[in-house]
Amino acid sequence: MSARGLEPAVPSRLQNAVGYLGFVSTYQDDETAECEHHASPNRSRAPDEVVERAAAIFRAAGDPGRLRILEQLSLGEQCVSELAAQSGEGMSTVSQRLRLLRSEKLVIRRREGKHIFYALADEHVDALVQSALNHAYHD
């Protein structure tokens, strides 16, 4: 609370994020408080199916080993043996992680002879990975 006791005390590092998300509110009194985000028609609630899909994406990327694979793939396409060598883990472990990431449509694959190459599915996955790592780095 502020000195007046009517406005929320938002740490300065959160002010931009709060404003960006559209959740800035002003307190008048308990009975007549109106939030600015209610007046914004540009922000709507995501359908339940979309929220469920997004949660599945976060679960898939939420394991440190899988996140590390996504980070490696953000640098470009790689085969399983390259990913295994970089991580210091066995090809079986890396393959299992890639299988889950592929089932959630976070990575795609292509075959070239005996090798299977993996890449991030699209630029949204890359942005999600980079954003999560940047957020963790600056936290």
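Reader: Which residue takes a positive phi in the hairpin of E2 and E3?
Author: That's Gly113, with a phi near 65 degrees, and the hairpin has two residues between the strands. Keep in mind as we go that this is a predicted model.

Reader: What makes E2 and E3 count as paired strands?
Author: The cut-off is at least two bridges between the strands. Six bridges join E2 to E3, so the pair qualifies. The two strands run antiparallel. You can look up individual partners too: Arg111 has Ile116 of E3 as its bridge partner, and Glu112 stands opposite His115, also in E3.

Reader: How do you know that E1 and E3 pair?
Author: Use that cut-off again, at least two bridges. E1 and E3 (residues 115-120) have two bridges, therefore they count as a pair. Their sense is antiparallel. On this side of the sheet, Gln78 has Tyr118 of E3 as its bridge partner, while Cys79 stands opposite Phe117 in E3.

Reader: Why are E1 and E2 called edge strands? And what holds paired strands together in general?
Author: In general, strands of a sheet pair through backbone hydrogen bonds. Here the three strands form an open sheet in the order E1-E3-E2, with antiparallel pairing. E1 (78-79) and E2 (107-112) each pair on one side only, and that is what makes them the edges.

Reader: Which helix packs on that sheet?
Author: Helix H3 (residues 64-73) does, and it touches E1, E2 and E3. Its direction makes about 90 degrees with that of E3.

Reader: How are two packed helices described in general?
Author: You give the angle between their axes and the distance between the axes. Let's try that on a pair from this chain: H3 and H6 (residues 123-138) pack at an angle of about 115 degrees, with axes 10 Å apart. As for handedness, H3 passes H6 in a left-handed crossing.

Reader: Which residues make the contact between H3 and H6?
Author: From H3 you get Leu67, Leu70 and Glu71, and from H6 you get Val125, Val129 and Leu133. Sorted by class, this contact has five nonpolar residues, no polar ones and one charged residue. Glu is in the charged class, so Glu71 is the charged one.

Reader: Val125 of H6, then: buried or exposed?
Author: Buried means under 20% relative accessible area. Val125 has 7% relative accessibility, so it counts as buried. Setting aside residues up to four places away in sequence, Val125 touches Leu70, Leu106 and Leu120. Also, Val125 and Glu71 are 54 residues apart in sequence, but their C-alpha atoms are 10.0 Å apart in space.

Reader: And Gln72, buried or exposed?
Author: Gln72 sits in helix H3. Its relative accessibility is 8%, and the limit is under 20%, so Gln72 counts as buried. Leaving aside neighbours within four places in sequence, Gln72 is in contact with Gln78, Leu83, Gln86 and Ser87. You've met Gln78 already, as the partner of Tyr118.

Reader: What about Lys105, buried or exposed?
Author: This time the cut-off is over 50% for exposed. Lys105 has 60% relative accessibility, so it counts as exposed. Look for Lys105 in the loop between helix H5 (91-103) and E2. Its phi is positive, about 65 degrees, although Lys105 is not a glycine.

Reader: How many residues does the protein chain have, and what share of them count as buried?
Author: The chain has 139 residues, and 20% of them count as buried. As for the surface, the chain exposes about 10,400 Å², with carbon and sulfur atoms supplying 53% of it.

Reader: In what order do the elements of the protein chain run?
Author: From the N terminus on, the order is α-α-α-β-α-α-β-β-α. That pattern holds six helices and three strands.

Reader: What share of the chain's contacts with a separation of 6 or more comes from residues 24 or more positions apart?
Author: Those residues account for 43% of such contacts.

Key. Residues are numbered from 1 along each chain as its sequence is written. This is a predicted model: local features need pLDDT of at least 70, side-chain atom pairs count only at pLDDT 80 or more; totals for chains, interfaces and linings use all residues. Side-chain values use heavy atoms; hydrogens and water are left out. Helices (H or I, at least four residues) and strands (E, at least two) are DSSP runs, numbered from the N terminus. Contact means heavy atoms within 4.5 Å. Axes are lines fitted to C-alpha atoms, for helices over the stretch in contact, and angles run from 0 to 180 degrees between N-to-C directions. Buried means under 20% relative accessible area, exposed over 50%, partly exposed in between (1.4 Å probe, protein chains only). Accessible areas come from the Shrake-Rupley method with a 1.4 Å probe; for residues, only the protein chains shown count as cover. A crossing is left-handed if the near helix is turned anticlockwise from the far one by less than a right angle, and right-handed if clockwise.
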